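Visitor: I've got this model up on my screen and a list of "how do you know" questions. Can you walk me through it?

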Amino acid sequence: MSFFEGGLFWFVEGLLAALAIVALRTWAQDKGIRMSFWKWPMVVVWVLFLGVSIAYVGTSIGEGEMDAAFLGAICGAVMASISGVVVWRLLRM
Amino acid sequence: MATAKDVTKSRERLLALAILVSLLGGWVVGWFRHHSDIAGFLKQALPGAVRFDSGEDSIHTGLTHAQSESETAGFVAIRSVPGYAGPVTVAVGLDPNGTIVNAVIVRQTESPAFFRKVSDKGLPGRFRGKDCSDPFEIGGDVDAVTGATVTLTALTEAVRVACSDMATGRLGLPVVVKTRSPIQFGLPEILLILLIVTGFATHANKLPASAQIKWAVLIASLVFIGFVWNRPVSLTNINSLLVGYWPRWQNGVYWCLLLTALLLPIILTGKTPYCSHICPFGAAQDILMRLGGSSRQLPGKYALFFKILQRSLAWTAVMGALVFRNPTVITYGVSATFFTFIGANWQFVLLALVLIVSLFIARPWCNCLCPVRAVSDYIRLLRRSFAR
């Protein structure tokens with residue numbers, strides 16, 4: 001069984017996710033951004049979207065579907081950038 | 001003594017004249033080098049024929065032997081029907097029973113990405129074996145091709161006309177007679193007129209709440225002209241006009257309205273309300289700019305670089321179209337890619353860049369690369385230099 005299929009991988013994933021949440025909170029406090037209840041799910045959804053986009057491109061490359069990977073990368077980059085800017089503006093409200 | 005203003009004016013006049021002369025030169029070169037050798041296409045359309053006798057009605061009779069006692073192998077007709085960017089010309093071979101032996105493209109100037117969608121479906125070769133009495137209905141006996149309706153319609157119509165002419169003129173066979181409405185005028189044309197009138201009125205500040213109405217027009221244009229009909233003004237339209245590939249006005253009311261809305265105000269007033277108040281891709285950039293919360297213009301030194309790049313690219317594209325008599329020989333637009341999701345890889349990359357930059361800078365495509373803007377600027381230069 002490889003590292004990526006084992007429980008340790010998910011343990012590390014959980015640690016990294018917890019670290020990311022703590023880092024986001026600290027960063028928001030440093031920037032003077034007040035994280036209200038609706039901002040957390042918004043950021044989580046955006047991060048998940050980014051992750052899914054990267055996973056889609058990676059999986060497509062792995063499957064040898066280079067056209068799908070290319071279009072996925074383009075669409076993912078544009079949609080993540082646009083939604084990222086919108087999320088950022090909402091965070092600063 | 002000449003003032004600095006006079007010097008600038010005379011330089012502008014010289015530049016306008018030089019561009020005009022170069023374009024006229026390109027047109028003349030294109031006119032002389034434009035010819036097509038049809039002999040090869042006749043043989044491809046009717047491979048069983050050894051020689052061809054040409055009739056007055058442009059129907060070629062294919063004969064089985066080189067001698068005079070040879071039999072008729074069939075007929076070949078070459079017919080053209082206007083497509084998106086010029087005529088689609090096909091050679092159709094028909095056997096004496098009225099069955100299509102082969103159909104080949106003689107010449108077409110459609111956008112490569114759109115034509116590829118049709119050719120990938122095996123057209124026009126898939127017309128092989130069809131009978132001249134078939135209806136040639138897209139969605140009926142001819143499979144539809146999503147995203148290339150105009151090209152497919154022109155191709156199918158050219159094949160149908162060729163078959164019909166040969167069937168009635170040579171074989172005396174019955175064909176399906178198509179009745180067409182004399183003028184193509186429907187919902188797209190009506191909505192386009194509404195958008196143009198409202199867009200122009202808001203541009204001239206003739207309406208109350210002009211800012212809100214401007215946004216309504218831009219969003220309607222983005223949805224209908226852009227995503228639903230995918231028929232905004234492009235350099236291909238302007239090149240078609242210059243090369244002389246004009247559709248019959250009865251079938252091209254939309255095309256005439258759109259080009260008039262773009263060109264007439266520039267010629268008469270030097271202003272381009274189409275670009276700022278109607279253009280669907282401009283609307284998309286405006287929406288992104290609002291989402292990004294910025295309305296910055298490109299800094300001066302970059303603006304000059306991109307202005308020169310924009311005009312040089314547009315001049316090259318127009319010259320290419322004139323010399324090769326092909327409106328789509330050099331295309332670098334991204335609006336069609338945005339609205340149809342069809343295009344080359346580099347167009348997708350460019351489109352992504354434009355969309356992302358639109359979040360931070362006002363209308364980067366319009367100000368830096370749009371060829372239609374460059375053509376508008378040139379008409380404005382001509383107007384400023386020579387009109388009283």
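Guide: Sure, let's start with a helix pair. In this predicted model, Ile19(B), Ser22(B), Leu23(B), Gly26(B), Trp27(B), Val29(B), Gly30(B) and Arg33(B) of α1(B) meet Trp315(B), Val318(B), Met319(B), Leu322(B), Val323(B) and Phe324(B) of α11(B).

Visitor: What makes that a contact?

Guide: Heavy atoms within 4.5 Å count as contact, and the residues I just listed from α1(B) and α11(B) are the ones that meet. By class, they come to ten nonpolar, three polar and one charged.

Visitor: Why is α1(B) called roughly parallel to α11(B)?

Guide: The axes of α1(B) and α11(B) cross at roughly 30° and come within 6 Å. Angles under 35 degrees count as roughly parallel, so α1(B) is roughly parallel to α11(B).

Visitor: Which residues does Ser22(B) touch, leaving aside neighbours within four places in sequence?

Guide: Ser22(B) sits in helix α1 (residues 4-33) of chain B, and beyond those neighbours it is in contact with Trp315(B) and Met319(B). Take Met319(B): the two residues are 297 apart along the chain, with C-alpha atoms separated by 8.1 Å.

Visitor: What makes α7(B) roughly perpendicular to α8(B)?

Guide: Helix α7 (residues 235-243) of chain B packs on helix α8 (residues 253-269) of chain B at an angle of about 95°, their axes 11 Å apart. The window for roughly perpendicular is 65 to 115 degrees, so α7(B) and α8(B) earn that label. On the α7(B) side the contact is made by Asn237(B), Ile238(B), Ser240(B) and Leu241(B), and on the α8(B) side by Trp255(B), Leu259(B), Leu262(B) and Leu263(B). That gives six nonpolar, two polar and no charged residues.

Visitor: Which helices pack across the two chains at about 35°?

Guide: Helix α3 (residues 66-91) of chain A and α10(B) do, with axes 9 Å apart. Ile82(A), Val85(A), Val86(A) and Arg89(A) from α3(A) make the contact with Leu288(B), Arg290(B), Leu291(B) and Gly292(B) from α10(B). They divide into five nonpolar, one polar and two charged.

Visitor: Why does Gly292(B) go in with the polar residues there?

Guide: The scheme places Gly among the polar ones, so Gly292(B), part of the contact, is counted that way.

Visitor: Let's turn to the second largest pocket. What is its volume, and which residues lie nearest its centre?

Guide: The volume is about 810 Å³. Of its 29 lining residues, Ile19(B), Leu23(B), Ala374(B), Val375(B) and Tyr378(B) lie nearest the centre. Helices α1, α7, α8, α11 (300-324) and α15 (371-386) of chain B each supply at least two residues of that lining. Sorted by class, the lining has 23 nonpolar, one polar and five charged residues.

Visitor: How do you know which peptide bond is cis, and where is its proline?

Guide: The bond from Leu123(B) to Pro124(B) has omega near 5° and is cis. Pro124(B) is in the loop between α3 (112-119) and α4 (149-171) of chain B.

Visitor: What is notable about the phi of Asn205(B)?

Guide: Asn205(B) has a positive phi, about 55°, although it is not a glycine. You'll find Asn205(B) in the loop between α5 (187-203) and α6 (210-228) of chain B.

Visitor: How do you know where confidence is lowest and highest in each chain?

Guide: Go by mean pLDDT. In chain B, strand β1 (residues 51-54) has the lowest at 84, and helix α10 (residues 280-292) the highest at 95. In chain A, helix α1 (residues 7-31) is lowest at 89 and α3(A) highest at 94. Chain A has a mean of 90, with 99% of its residues at 70 or more; chain B has a mean of 88, with 97% there. For the complex, the predictor gives an ipTM of 0.83 and a pTM of 0.84.

Conventions: Residues numbered from 1 in each chain as written. Chains lettered and ligands numbered in written order. Predicted model: local features only at pLDDT ≥ 70, side-chain atom pairs only at ≥ 80, totals over all residues. Heavy atoms only, no water. Axes fitted to C-alpha atoms, helices over the stretch in contact; angles between N-to-C directions. Helix = DSSP H or I, 4+ residues; strand = E, 2+ residues; numbered from the N terminus. Parallel < 35°, antiparallel > 145°, perpendicular 65-115°, else oblique. pLDDT = per-residue confidence, 0-100. 1 Å grid on protein atoms, 1.4 Å probe; cavity = no way out; pocket = protein on both sides within 12 Å on 5 of 7 lines; lining within 4 Å. Points joined across faces, edges and corners; volume = space filled by probe spheres on them.
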